[in-house]
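Let's walk through this model together, starting with the part to be careful about and then moving on to the strands, a pocket and a few single residues.

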Amino acid sequence: MIRLISVALLSLLIANVESTPCTFVTNGQQITYGVRGNTIHFRVVLTGIAPNGSGWTAIGFGNSMFSGLDVIVVRVLNGRIIVTDEFVRGFQSPVPDRQNNVQVYGLRYENGVVVASFSRSVFSTEQTDANLSGCSPWKFTVGLNRMSPQGHLFHHSQTPVHRVVCINQCTV
């Protein structure tokens with residue numbers, strides 16, 4: 001009986017340890033992400049945003065802009081939050097994917113804090129979408145970057161932070 005209880009407690013501890021999302025944090029920005037089933041869930045939080053502030057941040061998937069990046073862009077435009085599935089190659093503005101594979105399920109902008117919650121599939125069916133299974137290179141754009149009044153992105157002000165993410169280690 002004691003052995004059975006010990007095994008059950010150990011199983012619960014392992015399940016709790018394995019059920020941990022991953023986080024990218026820098027200068028008033030936090031991106032929390034984790035996989036459940038075949039879906040990756042994201043929560044982007046930006047703080048210190050001016051009232052009616054505008055700008056963009058993004059998460060890129062792939063090796064480099066030169067080889068092409070699958071990108072999820074979060075725009076703050078005149079008090080609205082817009083999350084899009086895009087692709088960029090080289091030093092030009094990204095273009096929206098033909099099929100938006102990002103599911104948005106929560107947007108909030110109040111008291112200088114932007115919160116965007118969304119998800120996308122681990123696996124890709126579109127040519128411009130990255131397959132995110134296993135370990136893959138991700139790029140985290142730092143802060144809120146400049147854009148035009150129409151929402152066209154200007155070049156990021158800082159080099160994005162590169163991380164190799166093994167998504168099976170980030171669970172929700």
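Start with residues 4–16: pLDDT (the predictor's confidence in each residue, from 0 to 100) stays under 50 there, and the model gives this stretch zero contacts beyond four places in sequence. Contact here means heavy atoms within 4.5 Å. Where pLDDT is low, the predicted coordinates should not be read in detail. For the chain as a whole, the average pLDDT is 88, and 89% of the residues score at least 70.

A quick word on ground rules. This is a predicted model, in which local features need pLDDT of at least 70 and side-chain atom pairs count only at pLDDT 80 or more, while totals for chains, interfaces and linings use all residues. Residues are numbered from 1 along each chain as its sequence is written, and side-chain values use heavy atoms, with hydrogens and water left out.

Now for the overall layout. The chain has one helix and eleven strands; these are DSSP runs numbered from the N terminus, H or I over at least four residues for a helix and E over at least two for a strand. Going along the sequence, the order is α-β-β-β-β-β-β-β-β-β-β-β. Of the 172 residues in the chain, 47% are buried, where buried means under 20% relative accessible area, exposed means over 50% and partly exposed is in between (1.4 Å probe, protein chains only). Take the contacts between residues at least 6 apart in sequence, and 57% of them join residues at least 24 apart.

A good strand to look at is β5 (69–77). How many of the residues of β5 are buried? Nine of its nine are. Both faces are covered: L69, V71, V73, R75 and L77 are buried on one side, and D70, I72, V74 and V76 are buried on the other.

What does β5 pair with? One partner is β4, which runs antiparallel to β5 over seven bridges; two strands count as paired if DSSP finds at least two bridges between them. Within that pairing, W56 has R75 of β5 as its bridge partner. The other pairing is with β6 (residues 80–88), again antiparallel, over nine bridges. There, L77 stands opposite R80 in β6.

The β5 and β6 hairpin has two residues between its strands. N78 is found in this loop, and its phi is near 50 degrees, a positive value in a residue other than glycine. N78 counts as exposed because its relative accessibility is 54%. You'll find another such asparagine at N111, which has a positive phi of about 50 degrees although it is not a glycine. N111 sits in the loop between β8 (102–110) and β9 (113–121), and is exposed, with a relative accessible area of 77%.

β4 and β5 also turn up in the largest pocket, where each supplies at least two residues of the lining. The volume of this pocket is about 430 Å³. Of its 25 lining residues, M65, L69, V88, H156 and P160 are the closest to the centre. (On a 1 Å grid over the protein atoms alone, a pocket is an open set of points where a 1.4 Å probe fits, with protein on both sides within 12 Å along at least five of seven lines, and lining residues have an atom within 4 Å of a point. Grid points are joined across faces, edges and corners, and the volume is the space filled by probe spheres set on the points.) β4 gives the most to the lining, with four residues.

Two more residues are worth a click. R146 lies in the loop between β10 (135–140) and β11 (161–166) and is exposed, at 61% relative accessible area. R146 and G55 are 91 residues apart along the chain, yet their C-alpha atoms are separated by 4.9 Å. Beyond its neighbours within four places in sequence, R146 is in contact with W56, L153 and F154.

V45, in strand β3 (residues 39–46), is buried, with a relative accessible area of 16%. Not counting residues up to four places away in sequence, V45 touches G28, Q29, Q30, V113, V114 and V115.
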